[in-house]
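Colleague: Could you walk me through the ligand site in this one?
Modeller: Sure, let's pull it up.

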Amino acid sequence: FQVFLAPFTGSENEVTGILSVFHDITTLQEMHDRQSEFVTNASHELATPLTAIKGFAETLLDGALAQPELTEKFVRIIYDEADRMHRLVQDLLKLARLSAQEYREQVKLEPVAIRPVLEAAKQDLAPRWQQKKHTISLTTPPEPLAALAHPDWLKQVIVNLLENSIKYTPPGGKIMLTCSQEEREIKIEVKDSGIGIPAKDLPLIFDRFYRVDRARARTAGGTGLGLAIAKFIVEMLGGRIKAESMVDVGTTFTITLPSSTSE
Ligand code: ADP
């Protein structure tokens with residue numbers, strides 16, 4: 001609590017009362033703590049690949065350059081780590097943009113046909129799911145469904161969810177994209193037959209930088225921000241996102257958005 005005290009005085013300057021104001025600053029303090037925790041986490045996430053880049057570049061300069069087989073291996077590591085940093089910075093920029101009130105206010109919602117967005121996301125990620133020999137099915141009703149949304153940001157949400165399904169499903173898996181309308185809402189599901197998420201972790205996966213298995217997430221190439229960004233966007237669009245999962249069976253993410261014909 002922050003406390004302000006102000007005395008009331010009478011005509012002869014005698015104190016006749018005290019005005020006390022108790023200002024609850026917990027939320028402000030919490031916001032501040034969360035912000036600095038985020039900066040610490042982000043710096044740490046950036047420092048890890050940077051340390052590797054510096055280390056391997058140093059080793060090359062110290063003589064490894066003379067050994068062609070080492071050179072190629074180390075340059076590959078340097079490239080991969082730089083790529084990781086690049087993705088992280090891109091995700092941080094997305095979050096910063098989405099957090100800016102002015103930006104969110106200027107985002108105009110419009111009717112967005114769902115099927116083309118699902119198809120585009122599937123197409124964009126084709127090299128990755130093809131490499132892992134996954135099949136991705138797309139099921140939408142015969143009548144075209146449209147949500148009141150923003151085409152680029154909605155695609156970003158689907159891409160983030162689909163990327164996770166591809167990453168966290170063993171090769172040869174099945175991923176299903178479906179879309180349906182329930183009353184005045186559009187429901188989009190991204191369902192996989194992957195490793196699943198333990199129940200204790202499920203409530204935390206939308207937190208920034210939260211990962212169920214750090215080592216696995218790192219080799220899978222994630223930034224730890226994909227779901228935080230997806231949630232941020234869905235809420236900006238006035239929708240909801242939830243996850244259901246069973247270990248070794250699979251995970252389903254469901255997004256609900258207002259239908260474009262709901263008015
Ligand atoms: P990351 O970049 O680590 O994938 P995300 O924010 O996208 O970060 O996801 C957070 C964590 O949630 C992941 O590290 C992973 O442990 C878990 N996760 C997300 N999607 C899935 C999925 N489809 N199947 C299993 N685990 C998942």
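Colleague: By class, how many nonpolar, polar and charged residues does the shell around the ligand have?
Modeller: It's a predicted model, where local features need pLDDT of at least 70, side-chain atom pairs count only at pLDDT 80 or more, and totals for chains, interfaces and linings use all residues. Numbering runs from 1 along each chain as its sequence is written, and side-chain values use heavy atoms, with hydrogens and water left out. Ala, Val, Leu, Ile, Met, Phe, Trp, Tyr, Cys and Pro count as nonpolar, Asp, Glu, Lys and Arg as charged, and the others, Gly among them, as polar. On that split, the shell has nine nonpolar, eight polar and three charged residues.

Colleague: Which residues are the closest to the ligand?
Modeller: A residue makes the shell if one of its heavy atoms lies within 4 Å of the ligand. That gives 20 residues around the ligand, and the closest are K167, Y168, D192, T223 and G224.

Colleague: Which element gives the largest share of the shell?
Modeller: Helices (DSSP H or I, at least four residues) and strands (E, at least two) are numbered from the N terminus. The largest share is three residues, and those come from α6.

Colleague: What is the average pLDDT of the protein?
Modeller: pLDDT is the predictor's confidence in each residue, from 0 to 100. Here 99% of the residues score at least 70, while the model scores ipTM 0.98 and pTM 0.86. The protein's average pLDDT is 92.
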